[in-house]
Amino acid sequence: VHCYRAVLEKILVTRDKDLRHTILKSVAKAHQMSFKDYAIKATSNLKTEFASSDFDTPEVRKELDSCWEVVVYYTIRLALAPLLETVILLDRCVALHETGHDNLLLPLFDPLLSPRNQILFAVKK
């Protein structure tokens, strides 16, 4: 599904730069349909008209064949997100400490429920 969305985004931006990051219609069971069917349903709420042939070109097929790149990127992004969020929180703790504010970073609940389980307490002096 992420690959379909990435290829569709490229098609939209090629057509009109103002369509970058456009909100598309949700498509149920997209993983069970062809890209062309997905693209037609996802763009049905847009004012810009698309022909079904716009979604079945050699360029589109080439992009779909390299979907593993999208999967690799998305997997790395998901793996690094909690680390980056922790670094940001620790940086805020250090900044507070440097300005003389006592602070404490604590887990609020089970991290399996959400990786955003940290709370930063600070005391103003």
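Contact is taken here to mean heavy atoms within 4.5 Å. In the predicted model, Arg5 by this criterion touches Leu12, His21, Thr22, Leu24 and Tyr38, residues up to four places away in sequence being left out of the count. Arg5 is found in helix α1, and its relative accessibility of 25% places it in the partly exposed class, because that class lies between the limits of 20% and 50%. Although Arg5 and Ala42 are separated by 37 residues in sequence, their C-alpha atoms are 9.1 Å apart in space.

Arg5 also takes part in the contact of α1 with α2, in which Tyr4, Arg5, Val7, Leu8 and Ile11 of α1 meet Phe35, Tyr38, Ala39 and Ala42 of α2. The residues of this contact comprise 8 nonpolar and 1 charged, with no polar residue among them. The axes of α1 (residues 2-15) and α2 (residues 35-42) come within 11 Å and cross at roughly 65°, and the crossing is right-handed.

Helix α4 comprises 32 residues (67-98), for which a span of 46 Å is expected at 1.5 Å a residue; the end C-alpha atoms are 46 Å apart, and the two values therefore agree. Nevertheless, α4 bends by about 35° at Leu80, with a proline, Pro82, following within four residues. The buried residues of α4 are Cys67, Leu89 and Cys93, and the elements that cover them include α1, α3 (58-65), β1 (102-107) and β2 (118-123). After α4 comes Gly100, for which phi is positive, near 90°.

Methods. Residues are numbered from 1 along each chain as its sequence is written. This is a predicted model: local features need pLDDT of at least 70, side-chain atom pairs count only at pLDDT 80 or more; totals for chains, interfaces and linings use all residues. Side-chain values use heavy atoms; hydrogens and water are left out. Axes are lines fitted to C-alpha atoms, for helices over the stretch in contact, and angles run from 0 to 180 degrees between N-to-C directions. Helices (H or I, at least four residues) and strands (E, at least two) are DSSP runs, numbered from the N terminus. A crossing is left-handed if the near helix is turned anticlockwise from the far one by less than a right angle, and right-handed if clockwise. Ala, Val, Leu, Ile, Met, Phe, Trp, Tyr, Cys and Pro count as nonpolar, Asp, Glu, Lys and Arg as charged, and the others, Gly among them, as polar. The expected span of a helix is 1.5 Å times one less than its number of residues. The bend at a residue is the angle between axes fitted to the seven residues ending there and the seven starting there. Buried means under 20% relative accessible area, exposed over 50%, partly exposed in between (1.4 Å probe, protein chains only).
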